[in-house]
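Open the model in your viewer and keep the selection panel at hand. The stops below go from the interior to individual elements.

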Amino acid sequence: DSPFPLRGETGFLCALIVIVLVERREVLMFKQKKFMAYLATVFLLIVSMLIAACGGPSEIKKDTAQNNKPIEITDVTGRTVTLKKPAEKVVLQWSGAGGPFFTISALMGKDTPKVIAGMDTSLQDYRADMWKHFTAEMPELAKIPVVGTIGDKTFNAEQVVALNPDVIFIPVDLKDQYESDAKPKMDAAGIQTIYIDYHAEKLESHQKSIEAIGKALGKEERAAEISKFYTDRVTRVLDRVSKINKPKPTVYIEVGMNGPEEFGNSFSGNYSWGALATMAGGDVITKDAVKKSSPVNPEFVLEKNPDIIMIMGSYWPKKPTSMRLGFEATEDSSQALLKAFTTERQGWSDLKAVENKQVYSAHHGLPREVFDAAVFEYLAKTFYPEEFKDVDPEATLKEFYDKFLPYSYSGIWFMHMN
């Protein structure tokens, strides 16, 4: 009935052409889909690479350094220091006590020797057991150039400039002499100065020092972890002490560096061991007798007759009778050394602290450091054993070593005389 009927070969040929055209169209559409799929795959791959390079949309880079922005640091004096990028090389002072060595170690781990371009010798001179232990586990530490000490006029400013560090960390107690002797040369060489303060034993000063060192090294998040570890434990001690309603025990603290035969340094109530003991609830008998740290007359201790005596130890091998604690200490020998202070000093056997077996020791390298929350705990537990019976200072110190420091924990750090 169609006006253009398809019959015979002509009809077959037309039908074949239609089939071929339809198949070609489907092939073209298939190829087009494949091509579009290919383009989509390439596009997604490029986007993925860009996201990976930028850290991903869900990953927020908290460290200023990773955002390629200038790093602004406020040190403990309130000065603002600006770095273009994280410090790759630093110089430090007072490595043995109150300096940034342990904070840098906690922040940088095994990379500690790479970032320290120069340092003083107080760690190896006054904490010989620590130095021996650390260099045995990290030999590169022993290769760090010695630049001298500002406090004893051996500081070599020209050597520091030649080492070309980005930053020098200065304990605030050295500020005046440093600014008189060396800072102009550091400024002229473009070396930034950051002041820190662990000696005051103030929570805020510790926090600011940790934060400043962490920012300078591009390790803000790690610094925040360390600061929280410290703050949580110190705050717990201070809060609990504030609620204790009983007379404060009187406490005599001495650094046992000279042995029983010569009195070592004691402390004011706002410095080093004195500040720690005061905040931990003790009544430090030398709080008004010395300005910061110095020995007192033997008669002073006999007159005050304290409730508790603490002879602080370390490792001073040149003085065999000195109080020994730390990596090189043993229980028997350290007990004997501590007892000698009570038996060889005139009148000490009659002191009530000795009669009541209230004689203690702690390592002199523990305060004025990033891990001295353990010292807060030890002092508070010594002064108020019942109120702090659930606190384990040695466990706190070991936890800090295990969690943050690149050195292993061992030795004896606290002692109660038998």
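This is a predicted model. Start with the largest nonpolar core, which has 81 residues. Select Ile104, Phe134 and Met310, the residues with the most contacts inside this core. Then select helix 15, which gives the most to the core, with 8 residues.

Stay on Phe134 and show its neighbours. Leaving aside residues up to four places away in sequence, Phe134 touches Phe101, Phe102, Leu123, Leu141, Phe327, Tyr401 and Tyr407. A second, separate core has 23 residues, and Tyr252, Ala329, Leu351 and Val354 are among them.

Tyr252 leads to strand 7, so select residues 250–255 next. Because 6 of the 6 residues are buried, strand 7 is largely enclosed by the rest of the structure. Which residues point one way from the strand, and which the other? Thr250, Tyr252 and Glu254 take one side, while Val251, Ile253 and Val255 take the other.

Now add the strands that pair with strand 7. Strand 11 (residues 308–312) pairs with it in the parallel sense over 5 bridges, and Tyr252 has Ile309 as its bridge partner there. Strand 9 (residues 283–284) is also parallel to strand 7, over 2 bridges, with Val284 opposite Val251.

Finish with helix 10, residues 220–242. Its 23 residues reach 32 Å from first C-alpha to last, close to the expected 33 Å. Colour its buried residues, including Ile226, Phe229, Tyr230, Arg233 and Val237. What covers the buried residues of helix 10? The cover includes helix 2 (101–108), helix 9 (203–216), helix 11 (272–279), helix 15 (373–383) and helix 16 (393–404).

Note on methods:
Residues are numbered from 1 along each chain as its sequence is written. This is a predicted model: local features need pLDDT of at least 70, side-chain atom pairs count only at pLDDT 80 or more; totals for chains, interfaces and linings use all residues. Side-chain values use heavy atoms; hydrogens and water are left out. Helices (H or I, at least four residues) and strands (E, at least two) are DSSP runs, numbered from the N terminus. The expected span of a helix is 1.5 Å times one less than its number of residues. Buried means under 20% relative accessible area, exposed over 50%, partly exposed in between (1.4 Å probe, protein chains only). Contact means heavy atoms within 4.5 Å. Two strands pair if DSSP finds at least two bridges between them. A nonpolar core is a set of buried Ala, Val, Leu, Ile, Met, Phe, Trp, Tyr and Cys residues joined through side-chain atoms within 4.5 Å.
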